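Work through these exercises with the model in view. Try each task before reading its solution.

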Amino acid sequence: MNKSTPIIIWFRRDFRLADHPALAKASRSGRPIVPVVLLDEVAETFGSAPRWRLSQAIEQFEARLKQVGSRLILRRGTAADELLALARETGAGDIWWSRAYDPESIARDIKVKSALKEAGFGAKSWPGHLLFEPWAVKTKQGGFFKVYSSMWRAVKDLDVAPPDPAPLRLLAPEKWPDSDRLTGWALDKSMDRGAQVLARRANVGEPAAHERLANFLCGSIGDYKERRDYMAQNATSRLSENLAWGEIGPRTVWHAGLRAHLEGQRGAEHFLKELVWREFAYHLVFHTPEITRKNWRSEWDAFPWSDHEGAAVLRWKQGRTGVPLVDAAMREMYVTGHMHNRGRMIVGSFLTKHMLKHWRIGQKWFEECLIDWDPPANAMGWQWVAGSGPDAAPYFRVFNPETQAQKFDAEQTYIQRYVAECAPDPGPEALAFFDACPRAWELSPDDPYPTPIVGLAEGRQRALAAYEAR
């Protein structure tokens with residue numbers, strides 16, 4: 001290939017320069033690079049908070065590219081059409097991208113690769129979003145892992161390639177193609193006033209992601225295993241946001257955690273296990289894509305979940321179930337775009353067990369509201385907590401929000417941080433909820449706190465009866 005022939009790199013959920021195999025290879029080729037982001041048929045389906053967070057990732061990545069002498073081209077339309085047009089405009093010979101693993105993205109990428117190759121262009125997908133490609137990790141029988149603990153034992157001692165350094169300079173093409181303006185995409189429109197609330201709390205961009213990792217390694221990692229479930233404590237890495245948008249690479253995080261483990265940090269191994277839990281989600285979605293839309297365990301098809309939303313589900317969405325820990329977790333999501341992992345289990349269990357509502361209702365709402373929304377992790381997380389997914393536990397798990405609060409928020413610090421009606425002197429996070437939530441809800445901190453929509457004992461017994469009868 002002629003050294004003057006550009007390479008188009010299509011960025012999706014990999015907004016970084018370091019630990020990026022496709023970009024590293026392209027930068028070493030000596031050829032011009034045209035970085036591209038598309039608002040394509042998959043990105044157009046994103047919920048409100050992910051669309052807003054995508055806009056923030058793009059804005060920060062544009063600035064990062066300028067630092068290495070490049071720029072970002074934005075186009076809106078069907079991925080195959082837009083990439084073909086760009087390849088012809090720029091005279092590019094190759095179009096590269098980092099692989100995606102959810103069924104919608106795979107379907108899009110197959111169409112793109114076929115169209116590009118048929119038109120005579122080189123098209124190649126690269127690793128970069130995972131530590132291990134889903135087809136590269138197998139059981140002793142040659143199949144895929146259906147139990148997380150088995151997968152952890154199989155991969156924990158495998159070599160992970162070191163991350164590629166960020167290129168110091170990217171060669172620009174002779175002429176840049178036209179680009180959309182990010183503001184013209186109006187990705188923040190559906191967020192309305194909530195965007196301002198999230199903007200104060202999001203941690204956007206590659207430098208910020210690396211700083212977040214460094215702070216975690218210097219602080220909370222030692223007590224990570226013991227403290228990570230205490231919801232009021234800043235005991236987790238919060239890297240899910242940056243991993244979801246590829247602002248930090250998984251190899252970077254793995255090797256940093258591994259170094260901490262070898263240096264004797266007590267919580268480091270458990271942190272590495274959480275990275276493999278993320279891998280497990282992608283592993284399952286790749287091999288069993290139906291997990292994103294129907295019960296992973298078919299025997300759960302007879303469970304009497306209701307698809308009807310109605311007033312009770314609205315109260316769950318509003319963080320007004322009358323169960324303080326459930327409501328605190330839901331409100332944290334509106335204020336920060338994030339929810340503590342234990343909170344996700346508690347609100348998921350409450351919806352699917354106490355309320356007997358289908359897990360798809362919760363999955364779709366998280367797709368709308370989380371800035372760390374990640375399709376495989378979201379699907380597996382909801383199915384795990386509902387009981388219909390890859391859970392090896394031989395019992396029907398129902399989280400009791402009261403006992404969970406006693407154990408993980410005994411002083412009600414977390415509850416009072418986010419539920420103004422439960423706090424004697426509501427703080428900024430509790431009050432920010434009323435600025436972040438939809439105007440149509442017409443909620444006020446002066447509203448009385450509601451009574452529970454279902455009794456905890458009653459809801460548990462009803463769920464157990466439904467489980468026995470399925």
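**Exercise 1: A ring pair at Y230**

Y230 has a relative accessibility of 32%, so Y230 counts as partly exposed. The model is predicted.

Task: classify F408 as buried or exposed, then describe its pairing with Y230.

Solution.
- Step 1. Take the accessibility. F408 has 8% relative accessibility. Buried means under 20%, so F408 counts as buried.
- Step 2. Take the geometry. The ring centres of Y230 and F408 lie 5.5 Å apart, and their planes meet at 70°. Planes over 60 degrees apart count as edge-to-face, so this pair is edge-to-face.
- Step 3. Place the residues. Y230 is in the loop between α9 (224-227) and α10 (240-244). F408 belongs to helix α18 (residues 401-408). The pair therefore ties together parts that are 178 residues apart in sequence.

**Exercise 2: Rings across the chain**

Task: find how many aromatic pairs the whole structure holds, then work out which parts F46 and W373 tie together.

Solution.
- Step 1. Count. The search of the whole structure gives 28 aromatic pairs.
- Step 2. Classify one of them. F46 and W373 have ring centres 5.2 Å apart and planes at 70°, so they pair edge-to-face.
- Step 3. Locate both. F46 sits in the loop between β2 (33-39) and α2 (48-67). W373 sits in the loop between α16 (359-369) and α17 (375-386). The pair thus ties together parts 327 residues apart in sequence.
- Step 4. Check burial. Both F46 and W373 are buried.

**Exercise 3: A cluster and a lysine**

Task: name the cluster that includes F396, and say which residue lies over the face of F396.

Solution.
- Step 1. Follow the ring pairs. They link F396 with W300, F303, W305 and Y467 into a cluster.
- Step 2. Look over the face of F396. K353 lies there, at 4.6 Å from the ring centre.
- Step 3. Turn to another ring. K124 lies over the face of W126, at 4.0 Å from the ring centre.

**Exercise 4: The sheet**

Task: give the strand order, then explain why β3 and β5 each have a side without a neighbour.

Solution.
- Step 1. Order the strands. Five of them form an open sheet, β3-β2-β1-β4-β5, with parallel pairing.
- Step 2. Find the edges. β3 (73-76) and β5 (122-126) each have a single partner strand, so one side of each lacks a neighbour in the sheet.
- Step 3. Add the twist. It averages 25° from one strand to the next.
- Step 4. Inspect one pairing. Four bridges join β1 (residues 7-11) to β4 (residues 94-98). I7 stands opposite D94 in β4.
- Step 5. Add a helix. α4 (residues 103-118) packs on the sheet and touches β1, β4 and β5.

Methods:
Residues are numbered from 1 along each chain as its sequence is written. This is a predicted model: local features need pLDDT of at least 70, side-chain atom pairs count only at pLDDT 80 or more; totals for chains, interfaces and linings use all residues. Side-chain values use heavy atoms; hydrogens and water are left out. Rings of Phe, Tyr and Trp (its six-membered ring) pair if their centres lie within 6.5 Å; planes under 30 degrees apart count as stacked, over 60 as edge-to-face and the rest as tilted. Helices (H or I, at least four residues) and strands (E, at least two) are DSSP runs, numbered from the N terminus. Buried means under 20% relative accessible area, exposed over 50%, partly exposed in between (1.4 Å probe, protein chains only). A charge sits over a ring if NZ of Lys or CZ of Arg is within 6 Å of the ring centre and within 35 degrees of the ring normal. Two strands pair if DSSP finds at least two bridges between them. Axes are lines fitted to C-alpha atoms, for helices over the stretch in contact, and angles run from 0 to 180 degrees between N-to-C directions. Contact means heavy atoms within 4.5 Å.
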